Each structure stands twice: as structure tokens, then as C-alpha cells.
Amino acid sequence: VKWTLAFEEVKPDAPVNVALGSKYEIVGLAPSPDYPDTDNKELTDGARVNGKYNDSGWVGVLLTGAVREFDVIVTLGDGETVYDIDKIIVNAGAKGATCGVTEPNLKSFYSIDGEEWTEFGTYTATDNADVMSVNATMEVATPVAAKYIKVNVTRPKEIGNLMWLGEIEAY
């Protein structure tokens, strides 16, 4: 009897987007009828938008003079499982898309119960007129336990009137 021993290289698992397919709610402002959120699924469908002005993947939120911020609250997975996350990415439209689109300032938060929130990270708009979309990344050194994430989206009154979001991811 002859035995052969084989070794296989074990590679670490790729990060998993735990927000993929998750339910969410936009609070504070509603999507524009011109850039609707089809079936409340577009922000967690796994499809980032790369800045094309007419891409149907954009969810557009029209900012008003009085209200220039809104929140997106994502229930991760089934809403029962606690996930360890260390990165949140928000795919958003930027100044290069023109037509009043503006890159957002972002603050992200996490929660176990969906009521008490702890700040996760921030992203400040770069206002780079050469890019049509950004993948705003907020990371922490040590993973945190979460069932929910919240992204607060803001922009000063004097800059732009339309926010485009394409995707929200959590890893």
C-alpha cells in the first residue's frame, strides 16, 4: 500500500457584505420621483453605480432649503443575527456628475437594538469635480457588534440640491 500526502494552501475567506439584500428605511427625506428606489432594494442589491448620469441604480434624494440631511437605517441580514463589522462603504454620486448632484458628508453609526446608536466613522466630501461617484469608506481598527447600521447624509445649503446613493455595504 502506497500513501500520498497532499497539502492544500488555505486562503482566508473574502470579506462578506452583510448588508447585501438587507432591508432599509430612508428617514427624513423621500427619494425623488425622478430617481426612485425601486421596491426599497436598490441600496443593498450589491450593485455599485459608477457615475453614469442616467444609471437607474441611483437613488436620488432632493434636498430642500430647510432639510439638507437624511438617514438610511439598514437592518443587517435577518435582523436577529449579530455581525462583527469593521468597514462601511457608501457608494454615492459626486460633483463630476453635474446637474446639481453633490457629494455627501457622511456619518455612520451601529446598534444592537436599532434605538441606541454608537458612532462608527465619518466621511467628508472631497468636492473633486473630476469624479462622478465615490465609494466612501469608513473603517474601525477593531470589529464592532451590530444588527443595524445607520448612515447620516448631509450637505451644506450652498452646495448642490440632489444626493445620489447607489449602495450601502457593511463588512
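Reader: Are Y110 and F120 buried or exposed?
Author: The model is predicted, so local features need pLDDT of at least 70 and side-chain atom pairs count only at pLDDT 80 or more, while totals for chains, interfaces and linings use all residues. Residues are numbered from 1 along each chain as its sequence is written, and side-chain values use heavy atoms, with hydrogens and water left out. Buried stands for under 20% relative accessible area, exposed for over 50% and partly exposed for what lies in between, with a 1.4 Å probe and protein chains only. On that scale, Y110 and F120 are both buried.

Reader: How many residues apart are W58 and W164, which form an aromatic pair?
Author: Rings of Phe, Tyr and Trp (its six-membered ring) pair if their centres lie within 6.5 Å, with planes under 30 degrees apart counted as stacked, over 60 as edge-to-face and the rest as tilted. By this rule there are three aromatic pairs. W58 and W164 are stacked, at 4.9 Å centre to centre and 20 degrees between the planes. W58 is in the loop between β1 and β2 and W164 in strand β9 (strands being DSSP runs of E, at least two residues, numbered from the N terminus), and the separation of the two is 106 residues.

Reader: What is the relative accessible area of W164?
Author: Its stacking partner W58 is buried, with a relative accessible area of 1%. W164 is buried as well, and its value is 0%.

Reader: What is the angle between the ring planes of Y110 and F120?
Author: Y110 lies in strand β5 and F120 in strand β6, so this pair ties together parts that are ten residues apart in sequence. The ring centres are 6.3 Å apart, and the arrangement is edge-to-face, with an angle between the planes of 85 degrees.

Reader: Which side chain makes a polar contact with that of E169 at 2.7 Å?
Author: E169 has its place in strand β9 and counts as buried because its relative accessibility is 5%. A polar contact is a pair of N or O atoms within 3.5 Å, where within protein one must be able to donate a hydrogen and the other to accept it, and residues adjacent in sequence count only if both atoms are side-chain atoms. The side chain of E169 makes one such contact with Y171 at 2.8 Å, and the contact at 2.7 Å is with the side chain of R48.

Reader: In what order do the four strands of the open sheet lie?
Author: Two strands pair if DSSP finds at least two bridges between them, and β2 and β9 pair in the antiparallel sense over four bridges. In the open sheet, whose pairing is antiparallel, the order is β2-β9-β4-β7.
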